[in-house]
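Reader: I'm new to reading protein structures, and I'd like to walk through one with you. Could we take it one question at a time?

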Amino acid sequence: MITPEITEGIAGLSAGFATTVITHPLDFFKLRLQLDTTSTSQWQAVHLIYKKLIKTSTNVNGGFSTSSFIAHLYRGIGPNLVGSTSAWAMYFYFYRRYKNSILALTRGSSDHHLKSYHYLCSAFLAGWTTSIITNPIWVIKTRMISTEKSQPGAYRSILHGIKEIYKREGLLGYYRGLTPAMLNVAQGAVQVSIYDLLKRSLVDPDASSEKLTTLQYVYASSLSKMVSTCLFYPLQVIRSRLQVVSGSNKLQSASKLCLAMYQTEGLLAYYKGLVPNLIRVVPATCTTFLIYEKVKHLLV
């Protein structure tokens, strides 16, 4: 018999895999924008990134290679797939476990007996657990996307990245950016809590099943994601910049980086890549939660 925790984990894994394959190119642009420190506007940065993609996809004879363009656009898909699928699987698995623990402590029989702060607490604990386990994967993914494959020192694969980080930075290298990542758990916690509360408000009290329509799942997931992303987006930018080791950013603390960003780029620096990120995360979140809910109901 499949336990509720395993069911949640399988549903999360399926959702994470499908969403990552579909949205990786937007993730590529988002990350490159977060790391941009020279452009005067986001649209200028997008144009420069696109021009660089075209240049690197043009062969010595001046011909454009579509396969090379796609390969560059999907650089880092390996660690992104490993990270996203495992992260979503672990997140929903631990989220269910922590909710069950709270129900056991409060002697509740179903999620209807949980309060809003119970959802929030469970989401925080699940997020922190998942972040600690998966941070090394995100470090490798960030560094792969931020560099061209032909660049000196660029990681050729996940395994190469693991070896290089250990050789040059030791075990602590795998946990660069963990502090803002742990703080960024607040975004996921707020999002999932709002999502669960919205689902509860949409359920017909007289219905025998808690299953909602596709449109209701889309509404709950998109609204919860937009609110949480706008609140906590600066932490994503800081995390990405901390994970890339180069120049003055090497071994820089989060507080010093925040101050330097404000002094050199202004307040808008904390929101670089927000628009393409919202374009990416809202449909991605809808896809993720829709697949998650459908797979979960199939397994129950």
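Reader: Leaving aside neighbours within four places in sequence, which residues is Ser-221 in contact with?

Author: Sure, and keep in mind that this is a predicted model. Ser-221 sits in helix H8, and its relative accessible area is 0%, so it falls under the 20% cut-off and is buried. Setting aside the residues within four places in sequence, its contacts are Tyr-195, Thr-285, Cys-286 and Phe-289.

Reader: How far apart are the C-alpha atoms of Ser-221 and Leu-290?

Author: Along the chain, 69 residues separate Ser-221 from Leu-290. In space, the gap between their C-alpha atoms is 8.4 Å.

Reader: Thr-229 is in helix H8 too, so is Thr-229 buried or exposed?

Author: Helix H8 covers residues 214-243, and Thr-229 lies in it. Not counting residues up to four places away in sequence, Thr-229 touches Gln-187, Leu-274, Asn-277, Leu-278 and Val-281. Its relative accessibility is 0%, and buried means under 20%, so Thr-229 counts as buried.

Reader: What does Thr-23 touch, not counting residues up to four places away in sequence?

Author: Thr-23 has its place in helix H1, residues 4-35. With 10% relative accessibility, Thr-23 counts as buried. Once residues up to four places away in sequence are left out, Thr-23 touches Arg-280 and Ala-284.

Reader: Let's go to Arg-96: which residues is it in contact with, leaving aside neighbours within four places in sequence?

Author: You'll find Arg-96 in helix H4. At 9% relative accessibility, Arg-96 is under the 20% limit, so it counts as buried. One of its contacts is Glu-8, which is 88 residues away along the chain, yet the two C-alpha atoms are separated by 7.1 Å. The full set of contacts, again without the neighbours within four places, is Pro-4, Glu-5, Glu-8, Leu-103 and Asp-111.

Reader: Is Arg-107 buried or exposed?

Author: Arg-107 is in the loop between helix H4 (77-106) and helix H5 (116-145). Its relative accessible area is 80%, and the cut-off for exposed is over 50%, so Arg-107 is exposed.

Reader: And what is phi of Arg-107 near?

Author: Here's some background: most residues other than glycine have a negative phi. Arg-107 isn't glycine, but its phi is positive. The value is near 60 degrees.

Reader: What about Leu-202: which residues does it touch, not counting residues up to four places away in sequence?

Author: Leu-202 lies in helix H7, residues 178-202. Its relative accessible area is 26%, between the 20% and 50% cut-offs, so Leu-202 is partly exposed. Thr-213 is 11 residues from Leu-202 in sequence, and their C-alpha atoms are 9.7 Å apart in space. As for what Leu-202 touches, with residues up to four places away left out, it's Leu-212, Gln-216 and Tyr-219.

Reader: Stepping back, how does the radius of gyration of the chain fit with its 300 residues?

Author: Start with the make-up: the secondary structure comes to 10 helices and 0 strands. For 300 residues the globule rule gives 19 Å, and the chain is close to that, so it is as compact as a globular protein of that length. The radius of gyration itself is 20 Å.

Reader: What share of the residues of the chain count as buried?

Author: Let's look at the contacts too: of those with a separation of 6 or more, 76% are between residues 24 or more positions apart. The chain exposes about 15,300 Å², with 66% of it supplied by carbon and sulfur atoms. Of the 300 residues, the buried share is 49%.

Reader: Which residues does UniProt list for "repeat: Solcar"?

Author: This comes from an unreviewed UniProt entry. In the model, residues 3-101 are 81% helix, with end C-alpha atoms 14 Å apart, and residues 114-201 are 75% helix, with end C-alpha atoms 13 Å apart. The listed spans are 3-101, 114-201 and 212-298.

Reader: Which residues does UniProt list for "transmembrane region"?

Author: That record is an unreviewed entry too. The model has residues 77-95 as 100% helix, with 26 Å between the end C-alpha atoms. Residues 116-140 are also 100% helix, with 35 Å between the end C-alpha atoms. So the spans listed by UniProt are 77-95 and 116-140.

Notes: Residues are numbered from 1 along each chain as its sequence is written. This is a predicted model: local features need pLDDT of at least 70, side-chain atom pairs count only at pLDDT 80 or more; totals for chains, interfaces and linings use all residues. Side-chain values use heavy atoms; hydrogens and water are left out. Helices (H or I, at least four residues) and strands (E, at least two) are DSSP runs, numbered from the N terminus. Buried means under 20% relative accessible area, exposed over 50%, partly exposed in between (1.4 Å probe, protein chains only). Contact means heavy atoms within 4.5 Å. The radius of gyration is taken over C-alpha atoms; the globule rule is 2.2 Å times the number of residues to the power 0.38. Accessible areas come from the Shrake-Rupley method with a 1.4 Å probe; for residues, only the protein chains shown count as cover.
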